[in-house]
Amino acid sequence: MTNHHGLTGAHSQAVQRPAAALSVDSINFSYPNGHEVFRAFSLHAKPGEFIVLLGPSGCGKTTLLNLLSGFQKPASGTITINGAPVRPEMPELGYVFQSPQLFPWLSVLENVRFGLRMQNRLNAKEQTEKALHYLALVGLDQAADKLPYQLSGGMQQRVSLARALALEPALLLMDEPFAALDAITRNNLNEETLRLWSELGQTVVFITHDIDEAIFLADRVVVLEIAPGGIHSELAIDISRPRTNLDTRKLPRFVEYRTALMEEISDVVHANLSVL
Ligand SMILES: Nc1ncnc2c1ncn2[C@@H]1O[C@H](COP(=O)(O)OP(=O)(O)OP(=O)(O)O)[C@@H](O)[C@H]1O
Ligand SMILES: [Mg+2]
């Protein structure tokens, strides 16, 4: 398909990176003001695994993603991606923030192309092709020339997903990316996220405080303790894929998982009422 940029966006070749193995081993982390967030915390993800971290507000979810992406450093312990200590500039990493964080003065295409320009590995035409390819994957190649303010919130978050995917990360970190959206849009983006993940095969660490979203997406749901803490419990989600909103969410097993996770979260909150 040739688009109005004269480029074959949807058919440009995606360079597949192998999915990343993530190892977090016994990390300790406090903020400079002394607020302790992690004590002897460990987490391991297999290549291609979709892990969802579930926890109440303030338990340290964003802090953990900042540690996983190398933006913050643990005081002790190690975080490795495919065996190498994590660094923010690693090409394996992709990050989708809670709010889209698009440059308002750049077109949709230029927002997606921005990271590729910074990487400076492809020429301008190849960057544009790749950006259009990922915009097509999220269904927004026709919006390439629009400015962010001309898009709905859900469309903006899809642009931000395309921007992360365009870097072809082996480990995709997602921090409550759909929390600000209405339920219908969020359900649709959940389905879209799974479709893209099944095509691209990255390892994903996805953060949410929404139990249904966690079950729908995950291979494994990890429930976090309130800081300073570790893992409260884990639940393997044994529901076949592909998953669809209409069929998956009404499965008796889905409802059982929801009840189990509601109890786990309630345990976490009640065990820590004194710190809330
Ligand atoms: N820069 C900082 N300095 C000191 N404390 C901080 C800082 N950033 C976060 N915290 C504290 O660390 C804890 C974890 O914060 P974090 O943002 O990781 O929580 P979260 O689980 O992502 O919460 P939410 O669900 O509300 O996004 C909170 O108690 C927060 O107040
Ligand atoms: Mg957060």
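In the predicted model, an oxygen atom of ligand 1 is placed 3.2 Å from a polar backbone atom of Cys59. A second backbone contact involves Thr62, a polar backbone atom of which lies 2.9 Å from an oxygen atom of ligand 1. The side chain of Ser57 also takes part, with one of its polar atoms 2.6 Å from an oxygen atom of the ligand. In total, 13 residues surround ligand 1, and the closest of these are Ser57, Gly58, Lys61, Thr62 and Thr63.

Strand β3, which comprises residues 50-54, is joined by four bridges to strand β9, and the two strands run parallel. Within this pairing, Leu54 stands opposite Val223 of β9. Strand β9 is in turn joined to strand β10, residues 231-236, by five bridges, but here the strands run antiparallel, with Arg220 of β9 standing opposite Ala236 of β10. Six residues lie between β9 and β10, and the two strands form a hairpin.

The burial of β9 was examined along the whole strand. Because five of the five residues in β9 (residues 220-224) are buried, that is, under 20% relative accessible area, the strand is largely enclosed by the rest of the structure. In a regular strand the side chains alternate between the two faces of the sheet. In β9, Arg220, Val222 and Leu224 point one way, whereas Val221 and Val223 point the other way, and the residues of both sets are buried. Val223, which stands opposite Leu54 of β3, thus belongs to the set formed with Val221, while Arg220, the partner of Ala236 in β10, belongs to the set that also holds Val222 and Leu224.

The largest pocket of the model contains about 550 Å³ of space. Its lining is made up of 21 residues, among which Leu93, Tyr95, Phe97, Gly115 and Leu167 lie nearest the centre of the pocket. Two or more lining residues are given by each of β6 (93-96), α2 (108-119) and α4 (153-166), and the largest share, four residues, comes from α2. By residue class, the lining of this pocket divides into 13 nonpolar, five polar and three charged residues.

Methods
Residues numbered from 1 in each chain as written. Chains lettered and ligands numbered in written order. Predicted model: local features only at pLDDT ≥ 70, side-chain atom pairs only at ≥ 80, totals over all residues. Heavy atoms only, no water. Buried < 20%, exposed > 50% of the residue type's maximum accessible area, 1.4 Å probe, protein only. Pairing = 2+ DSSP bridges. 1 Å grid on protein atoms, 1.4 Å probe; cavity = no way out; pocket = protein on both sides within 12 Å on 5 of 7 lines; lining within 4 Å. Points joined across faces, edges and corners; volume = space filled by probe spheres on them. Nonpolar A, V, L, I, M, F, W, Y, C, P; charged D, E, K, R; others polar. Near = heavy atom within 4 Å. Polar contact = N/O pair within 3.5 Å; in protein donor to acceptor, adjacent residues only side chain to side chain.
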